[in-house]
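Work through the exercises below with the model open. Try each task before reading its solution.

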2 protein chains.
Amino acid sequence: MELQRLVETAKPRTRLRLDFSYDGADFQGWAKQPGLRTVQGELEKALATVLQRYGTPPTLTVAGRTDAGVHALGQVAHLDLTDEQLVGLDDSHRGKGKHKPDVSLEARAARLARRLNGIAGLSSDLYVKSATIAPPGFDARFSATWRRYEYRISDREAERNPLLRHQTLWYPKSLDLDAMNAAAATLTGLHDFAAYCRPREGATTIRTLEDFSWTVDASGVKVARVKADAFCHSMVRALVGASVAVGEGNLPVGRAAEILDGGRRTNEFKVMPAKGLTLIEVGYPDDAGLAERAELTRQRRGLTPRQDAD
Amino acid sequence: MELQRLVETAKPRTRLRLDFSYDGADFQGWAKQPGLRTVQGELEKALATVLQRYGTPPTLTVAGRTDAGVHALGQVAHLDLTDEQLVGLDDSHRGKGKHKPDVSLEARAARLARRLNGIAGLSSDLYVKSATIAPPGFDARFSATWRRYEYRISDREAERNPLLRHQTLWYPKSLDLDAMNAAAATLTGLHDFAAYCRPREGATTIRTLEDFSWTVDASGVKVARVKADAFCHSMVRALVGASVAVGEGNLPVGRAAEILDGGRRTNEFKVMPAKGLTLIEVGYPDDAGLAERAELTRQRRGLTPRQDAD
């Protein structure tokens with residue numbers, strides 16, 4: 001077995017990029033856990049089914065490891081396939097009798113998306129938008145230069161929409177948008193966000209918050225746009241919690257930055273529920289900068305991959 | 001008992017207008033049915049709870065009697081309250097000790113909305129947007145001059161959004177928008193829509209289809225806008241079904257109008273599933289025209305209310 005594993009590991013592989021979206025309500029977050037339905041668990045199970053005749057199934061590395069209940073419209077992951085697995089994606093190998101040996105790599109990758117969606121079913125809460133051959137140096141997690149989330153709150157003034165209730169927090173009080181924006185603006189920039197993170201041993205909490213602002217949509221829903229190079233654990237929901245405390249008048253506008261500077265978690269605001277939170281988009285540099293960015297990220301964080309949140 | 005009923009019936013009443021929205025997925029349609037969860041059933045049960053100490057609970061008359069699984073963002077109904085019930089809506093009568101006899105009628109109506117939502121709960125699939133005192137002559141059903149629906153289809157080209165999957169049909173083939181619009185345009189105007197209706201005994205099928213057009217939203221979802229003075233049973237879903245048959249090339253563009261002219265239901269297209277359909281808005285004339293419109297509608301249809309669909 002050990003020898004077989006080594007042989008498997010040594011095989012040349014082609015990296016694929018998966019773009020996908022999910023409704024987080026019925027997932028226990030991204031990371032696979034025994035006995036629980038998670039996004040990684042479902043996707044890797046589907047991959048194992050699609051590639052069952054072609055060696056050890058691949059695992060996924062994701063850009064944003066979302067918590068239980070958090071949604072994603074622009075999630076990104078990568079996986080590495082052996083040549084055998086790539087060829088195995090060709091439908092014609094599944095007994096249809098039409099052998100097409102010249103199918104391009106890109107066409108094979110696209111088939112992976114279709115076959116994963118075929119397993120997930122047409123009405124799924126998980127949808128693979130595309131599977132493509134990744135450019136050289138691409139790492140879904142470490143090449144990423146930014147992540148952007150949205151948090152939706154329907155406060156007392158907003159019109160509640162039952163069709164959007166799974167991705168919108170219904171808040172029973174009125175929230176002052178101007179105060180929320182004033183407080184949010186004091187948190188942007190390069191800071192140690194320890195006061196707004198659930199601690200993880202050995203993980204850095206220094207982040208650049210590139211955008212944190214609130215707008216109101218046509219139906220009165222308040223939407224936070226939150227963008228950073230990366231996020232530590234539960235950071236967006238803590239930032240939103242401070243905004244809500246300011247918006248309902250329970251926290252002075254200036255206090256949000258004081259808490260940041262204090263560097264310690266506080267009970268002056270609540271970490272908001274997962275249901276209002278959606279990962280919207282992950283940004284990557286041009287192809288030429290991918291490998292460099294990945295190396296830089298690894299060095300700056302000075303961490304093994306599993307210790308740090310995204 | 002009979003005497004009591006007559007006394008109840010003779011009491012002067014004030015008409016209220018309810019504006020509300022719902023996710024149709026977990027409702028067996030609008031109309032109350034024993035043992036089934038329906039929108040009317042849930043709302044009337046909530047009304048009976050709110051008004052339990054104040055005589056016979058009111059019943060609802062709705063603008064658009066939606067089928068099982070159909071959603072609504074702009075549904076309208078009316079109900080009639082006795083003075084006793086109106087006063088009963090005043091919170092101060094419920095033991096808080098602050099008697100406020102001068103509360104306006106409008107304020108009492110607004111309380112009804114809050115109290116109904118309190119019963120439905122903050123994360124409900126049914127939300128009362130407002131309760132207001134109806135203008136004289138208002139009838140939610142017979143005063144309405146038009147109803148507007150939308151039908152959402154994510155075809156093979158569209159990006160599927162798991163967060164909107166409950167209100168969007170995922171269709172596995174490609175649909176030709178131009179062909180769909182060409183066919184739809186031939187159906188607008190005043191016609192007998194018998195070929196596009198599920199028959200109901202004694203109900204007219206003559207309708208004015210004021211708008212039937214398809215657009216594509218930013219994510220590629222094809223959205224039908226369907227507006228008419230009123231709709232007969234399953235009419236929108238039949239119209240959409242003909243569009244889809246045209247869009248995928250199974251029905252010639254000109255055939256949609258030929259079927260209309262034939263006046264008989266056909267198996268050349270399918271009535272589409274309920275999940276993609278949402279009642280968006282109901283239109284009413286200015287206050288001055290309300291009673292006149294209601295009388296006109298009743299005369300034109302020449303029917304008892306229960307025999308006709310909306």
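**Exercise 1. Find the contacts of Tyr151(A), then place that residue in its core.**

Start with contacts, defined as C-beta atoms, placed from the backbone, within 7 Å. Leave out residues up to four places away in sequence. Tyr151(A) then touches Ala224(A), Val226(A), Val236(A), Val240(A), Met272(A), Gly276(A) and Leu277(A).

A caution on the source: this is a predicted model, where local features need pLDDT of at least 70, side-chain atom pairs count only at pLDDT 80 or more, and totals for chains, interfaces and linings use all residues. Residues are numbered from 1 along each chain as its sequence is written, and chains are lettered from A and ligands numbered from 1 in the order in which they are written.

Next, the core. A nonpolar core is a set of buried Ala, Val, Leu, Ile, Met, Phe, Trp, Tyr and Cys residues joined through C-beta atoms within 7 Å. Buried means 20 or more other C-beta atoms within 10 Å of the residue's own; exposed means 12 or fewer, and partly exposed lies in between. The largest core has 85 residues. Tyr151(A), Met235(A), Val236(A), Leu239(A) and Ala242(A) touch the most other members. Helix 6 (residues 235–247) of chain A gives the largest share, nine residues. Helices are DSSP runs of H or I, at least four residues; strands are runs of E, at least two; both are numbered from the N terminus. The core lies between domain 1 (2–133) and domain 2 (146–285) of chain A, because both give residues to it.

**Exercise 2. Describe how the two domains of chain A meet.**

Take the bounds from an automatic or database domain assignment. The C-alpha centres of domain 1 and domain 2 of chain A lie 32 Å apart. Their contact takes 16 residues from domain 1 and 12 residues from domain 2.

**Exercise 3. Characterise the side of chain A that touches chain B.**

Count first: 21 residues of chain A contact 22 residues of chain B. Strand 1 (13–22), strand 3 (71–82) and strand 4 (126–133) of chain A each supply at least two residues of this side. Strand 4 of chain A has the largest share, three residues.

**Exercise 4. Which operation superposes chain A on chain B?**

Superpose by least squares on C-alpha atoms of residues with pLDDT of at least 70 in both copies. The result is a rotation of 180 degrees with 0.0 Å of shift along its axis (RMSD 0.0 Å). That is the relation of a two-fold axis. In chain A, the C-alpha of Leu164(A) is nearest the axis, 3.9 Å from it.
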